[in-house]
Amino acid sequence: MSARGVVGAGAAAVALLAATGARAQGPAVFRAASAPAVQSMIVGSDGAILSNGRTVSASATAVRVSGRRCAVAAGTPLAALAALHRAGGPAFTLRDYGSCGAAAANSAQLYVSAIDGERGTAQNGWEYKVNSVSGSTGAADPSGPMGNGRRL
């Protein structure tokens, strides 16, 4: 399965994710996913390109949120964003609207509140897209961007 996606703040901000060589995951939501290669693009609300075309491995990782270490499943948009940051891409901040922790299954409600210092406000927050479709789950939700068990 290949994936193409967007992350953005406000109506004009987007980031493209294109996964290459990723396999579709079965319906088991929490099945271990391979780490797909993801090509990304992040565009701010003013049209400035924050990151363009870098390919990273969206492997399982951990992120810091409010002083806690939170696991992020492989093949999720947040895993791709974290890998992009480790490769020299823009920094980002997160908020946890759930109870993330050592299990990636608990990271479904992580919210990307800012990328490269650009904060989302009210209804104009950061979003991502896969195959030009806005994701229907949180960026770290292990059920995948569309909630169907398939990850990037």
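Start by selecting Ser-143, which is buried, with a relative accessible area of 10%. The model on screen is a predicted one. Ser-143 sits in the segment that follows strand E13 (133-134). Show its side chain together with that of Asp-141: a polar contact of 2.8 Å joins the two.

Next, select Arg-68 and Asp-96. Their side chains form a salt bridge, with an N to O distance of 2.3 Å. Arg-68 belongs to strand E7 (residues 68-72) and Asp-96 to strand E8 (residues 92-96), so the bridge ties together parts that are 28 residues apart in sequence. A search of the whole structure finds one salt bridge.

Turn on the surface for this pair. Is Arg-68 buried or partly exposed? Arg-68 counts as partly exposed, because its relative accessibility is 36%. Asp-96, at 18% relative accessibility, counts as buried; the cut-off for buried is under 20%.

Stay on strand E7 and select Cys-70, then add Cys-100. A disulfide joins these cysteines, with the sulfur atoms 1.9 Å apart. Where do the two ends lie? Cys-70 is in strand E7, while Cys-100 is in the loop between E8 and strand E9 (110-115), so this link ties together parts that are 30 residues apart in sequence. Both Cys-70 and Cys-100 are buried. The disulfide count comes to one.

To finish, display strand E7 with Arg-68 and Cys-70 as sticks. From Arg-68 in E7, the salt bridge leads to Asp-96 in strand E8. From Cys-70 in E7, the disulfide leads to Cys-100 in the loop between E8 and E9.

Note on methods:
Residues are numbered from 1 along each chain as its sequence is written. This is a predicted model: local features need pLDDT of at least 70, side-chain atom pairs count only at pLDDT 80 or more; totals for chains, interfaces and linings use all residues. Side-chain values use heavy atoms; hydrogens and water are left out. A salt bridge is a side-chain nitrogen of Lys or Arg within 4 Å of a carboxyl oxygen of Asp or Glu. Helices (H or I, at least four residues) and strands (E, at least two) are DSSP runs, numbered from the N terminus. Buried means under 20% relative accessible area, exposed over 50%, partly exposed in between (1.4 Å probe, protein chains only). A polar contact is a pair of N or O atoms within 3.5 Å; within protein, one must be able to donate a hydrogen and the other to accept it, and residues adjacent in sequence count only if both atoms are side-chain atoms. A disulfide is a pair of cysteine sulfur atoms within 2.5 Å.
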